[in-house]
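Please open the model in your viewer and keep the sequence panel beside it, so that each selection can be followed in both. The tour goes from one residue to the cores, then to the sheet and its helices.

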Amino acid sequence: MASQTKVALVTGSGQGIGRAIALRLAEAGFDIAVVDVNEAKINSVVEEITAMGRRATTFKADVSKRDDVYAAVDHAAETLGGFDVIVNNAGIALIGPIAEITPEEVDRIFKINIEGVLWGIQAAGAKFKALKQKGKIINACSIAGHDGFAMLGAYSATKFAVRGLTQAAAKEYASEGVTVNAYCPGIVGTDMWVTIDKRFSEVTGAAVGETYKKFVDGIALGRAETPEDVAALVAFLSSPDSDYITGQSIITDGGLVYR
């Protein structure tokens with residue numbers, strides 16, 4: 001039987017886009033499982049959520065580890081009394097020429113960005129089945145999952161993989177009443193883009209801030225994306241309004257990549 005409580009788990013929700021998603025879903029009436037590998041950052045997010053009158057719980061998890069993800073889902077369901085939505089948000093970037101990518105770098109980014117999403121899909125799907133209810137799985141993709149970007153080869157590869165996983169999972173879980181979609185941000189003003197810009201500067205010799213400005217200047221709507229812009233799409237994908245949408249990786253970038 002479905003729980004009366006709407007519960008959402010958001011990985012990588014200690015900061016940036018994940019934090020904005022957690023807060024937006026709390027505003028929409030969800031109780032939130034705040035999951036992150038960085039334990040120091042998640043308590044402040046919980047405080048923000050509880051200040052809205054919603055319940056929240058924390059769980060430290062490394063999404064590259066399957067057991068951690070399953071344990072996080074179990075914790076959310078048991079602590080908050082239900083399980084309705086998972087947002088597989090956690091991810092990392094890797095900037096550099098394809099010729100210089102190391103096996104260690106590939107292993108790390110593939111484990112977090114691809115396997116982290118895969119384990120989240122598995123764990124959520126299993127939980128929805130155990131609870132005999134429908135559910136929503138929402139994955140972090142990127143405009144780099146629609147276009148391969150120079151200097152972001154491995155990162156782009158992981159996001160193309162997320163699109164494939166999203167499509168395949170949508171087909172496999174549809175008969176169980178589970179929708180699977182992804183959100184594809186563009187140039188978001190977060191710590192990740194500070195890191196990306198700095199790395200571009202080191203590799204290409206561009207001044208710090210120049211790469212970020214170049215990308216932002218190409219956005220049709222004339223400004224960088226905010227974490228809240230991304231969270232708005234995720235809130236829609238978490239709501240009943242998206243019940244007839246599945247297998248889609250939706251671009252939210254202000255007009256930069258067009259599909």
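Begin by selecting I187, which touches I143, W193, Y212, F215, V216, I219, A224, E225 and L256, leaving aside residues up to four places away in sequence; contact here means heavy atoms within 4.5 Å. Before going further, note that this is a predicted model, in which local features need pLDDT of at least 70 and side-chain atom pairs count only at pLDDT 80 or more, while totals for chains, interfaces and linings use all residues. Residues are numbered from 1 along each chain as its sequence is written, and side-chain values use heavy atoms, with hydrogens and water left out.

Now add L9, F83, I86, I137 and F149 to the selection, since these and I187 touch the most other members of the largest nonpolar core, which has 52 residues. A nonpolar core is a set of buried Ala, Val, Leu, Ile, Met, Phe, Trp, Tyr and Cys residues joined through side-chain atoms within 4.5 Å, and buried means under 20% relative accessible area, exposed over 50%, partly exposed in between (1.4 Å probe, protein chains only). Among the elements that each supply at least two residues of this core are β1 (7–11), α4 (103–131) and α6 (191–204); helices (H or I, at least four residues) and strands (E, at least two) are DSSP runs numbered from the N terminus. Helix α4 gives the most, with eight residues. A second, separate core of 28 residues includes I21, L23, L25 and V46.

Next, colour the strands: an open sheet of seven has the order β3-β2-β1-β4-β5-β6-β7, with parallel pairing, where two strands pair if DSSP finds at least two bridges between them. At its edges lie β3 (56–60) and β7 (249–252), each pairing on one side only. Select β5 (135–140) with β6, and you will find six bridges in the parallel sense, including the one that joins K136 to T179 in β6.

Turn then to helix α2 (39–51), which lies across β2 and β3 and runs at about 170° to β3; axes are lines fitted to C-alpha atoms, for helices over the stretch in contact, and angles run from 0 to 180 degrees between N-to-C directions.

Finally, select Y155 in helix α5 (153–173). Is this residue buried or exposed? Y155 is buried, with a relative accessible area of 10%, and its contacts include I92, N113 and S142. An unreviewed UniProt entry annotates Y155 as "active site"; such positions follow the numbering used here, feature names are shortened, and annotations may be inferred rather than shown by experiment.
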